[in-house]
Amino acid sequence: ARGRLAVAAEDGTYKVDVLVAEDNEVNQLVFSQILDEQGLRYAIASNGQEALDAFARLNPRLILMDVSMPVMNGLEATRAIREMREEQGRDVPVIGVTAHALKGDRERCMEAGMDDYLSKPISPRTLLEKIERWLDVREQERSICR
């Protein structure tokens, strides 16, 4: 995983704002530029297994999960993250990202446990709206629980 990482904290705080699971280097660059401009801390995983490992290590606030990746696809990785979440009692929004804006893609993402959906090519404005929406929801939930 690469990207702009925050300092590791031992107290369970977030080490990155956004974990990007994306195997395409051009798309990795697009995500990096958008997230850099927003000053968000992020890490990039290039396959589903790397995304799982980074999720466990970095405790991201949000995951952008490409659906089609090698080793483990985004649907499989999301299911595994949901299982880990239940065991550890922590929640993280997952936004599915796919190049196939086909009928049924959104449903497959939701069935795998994703919270939202974004189609490629990535629109910076749409991506930022989704990030803002889901990070804001997460912060509201955290403040209610305190």
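Are aspartate 116 and lysine 130 buried or exposed? Aspartate 116 is buried, and lysine 130 is buried as well. Keep this pair in mind as you go through the close-up views below, which come from a predicted model.

**View 1. A salt bridge joins strand 5 to helix 5.**
Here the side chains of aspartate 116 and lysine 130 meet, with N and O 2.9 Å apart in a salt bridge. Aspartate 116 belongs to strand 5 (residues 116-119) and lysine 130 to helix 5, so that distant parts of the chain, 14 residues apart, are linked by the pair. Both of these charged partners are buried.

**View 2. Arginine 125 and glutamate 129 pair up along helix 5.**
Stay with helix 5 (residues 124-145), where you will find arginine 125. Its salt-bridge partner is glutamate 129, and their closest N and O atoms are 3.6 Å apart. The two residues sit in this helix four residues apart, about one turn. Why does such a spacing suit a pair of side chains? An α-helix has 3.6 residues a turn, so residues three or four places apart point the same way. Arginine 125 counts as exposed because its relative accessibility is 64%, and exposed means over 50%. Glutamate 129 has a relative accessible area of 48%, so it is partly exposed. Look also for isoleucine 34: from arginine 125 it is 91 residues away in sequence, yet the C-alpha atoms are 9.3 Å apart in space.

**View 3. Aspartate 17 reaches arginine 41.**
In this salt bridge, the closest N and O atoms of aspartate 17 and arginine 41 are 3.3 Å apart. Aspartate 17 comes in the segment before strand 1, while arginine 41 is in the loop between helix 1 (25-38) and strand 2, so the pair ties together parts that are 24 residues apart in sequence. Aspartate 17 is buried at 7% relative accessibility, whereas arginine 41, at 28%, is partly exposed. Salt bridges with shared partners join Asp17, Arg41 and Arg61 into one network. How many salt bridges does the model have? The count comes to eight.

**View 4. Strand 3 is covered on both faces.**
Five of the five residues of strand 3 are buried. Which residues lie on each side? Leu62, Leu64 and Asp66 are on one side, with Ile63 and Met65 on the other. This fits a simple pattern: in a regular strand the side chains alternate between the two faces of the sheet. Strand 3 runs parallel to strand 1, and four bridges join them. Leucine 64 in strand 3 stands opposite valine 20. Four bridges also join strand 3 to strand 4 (residues 94-98), again in parallel. In strand 4, isoleucine 95 is the bridge partner of leucine 64. Follow the chain from strand 3 through helix 3 to strand 4, and you trace a right-handed β-α-β crossover.

**View 5. Helix 2 packs against strands and a helix.**
Helix 2 spans residues 48-58, and its buried residues are Gly48, Ala51, Leu52, Ala54, Phe55 and Leu58. These buried residues pack against strand 1 (18-21), strand 2 (42-45), strand 3 (62-66) and helix 3 (74-88). At the N-terminal end, asparagine 47 caps the helix, with a side-chain oxygen 2.9 Å from the backbone nitrogen of glutamine 49. Just after helix 2 comes asparagine 59, which takes a positive phi of about 45°.

**View 6. Nonpolar residues gather in two cores.**
In soluble globular proteins, nonpolar side chains tend to be buried together. The largest nonpolar core here has 26 residues, and those with the most contacts inside it are Leu19, Phe55, Ile63, Met65, Ile81 and Met114. Strand 1, strand 2, helix 2, strand 3 and helix 3 each contribute at least two residues to this core. Another core, of 18 residues, lies apart from it and includes Val20, Ile34, Leu62 and Ile122.

**View 7. Threonine 78 and methionine 114 are in contact.**
Threonine 78 is found in helix 3. With a relative accessible area of 0%, threonine 78 is buried. Leaving aside neighbours within four places in sequence, threonine 78 is in contact with Met65, Val94, Ala112, Gly113 and Met114. With the same neighbours set aside, the contacts of methionine 114 include Met65, Leu75, Thr78, Val94 and Cys109.

How values were computed. Residues are numbered from 1 along each chain as its sequence is written. This is a predicted model: local features need pLDDT of at least 70, side-chain atom pairs count only at pLDDT 80 or more; totals for chains, interfaces and linings use all residues. Side-chain values use heavy atoms; hydrogens and water are left out. Buried means under 20% relative accessible area, exposed over 50%, partly exposed in between (1.4 Å probe, protein chains only). Contact means heavy atoms within 4.5 Å. A polar contact is a pair of N or O atoms within 3.5 Å; within protein, one must be able to donate a hydrogen and the other to accept it, and residues adjacent in sequence count only if both atoms are side-chain atoms. A nonpolar core is a set of buried Ala, Val, Leu, Ile, Met, Phe, Trp, Tyr and Cys residues joined through side-chain atoms within 4.5 Å. Two strands pair if DSSP finds at least two bridges between them. A crossover is right-handed if, with the strands pointing away from the viewer, the path from the first strand over the helix to the second runs clockwise. A salt bridge is a side-chain nitrogen of Lys or Arg within 4 Å of a carboxyl oxygen of Asp or Glu.
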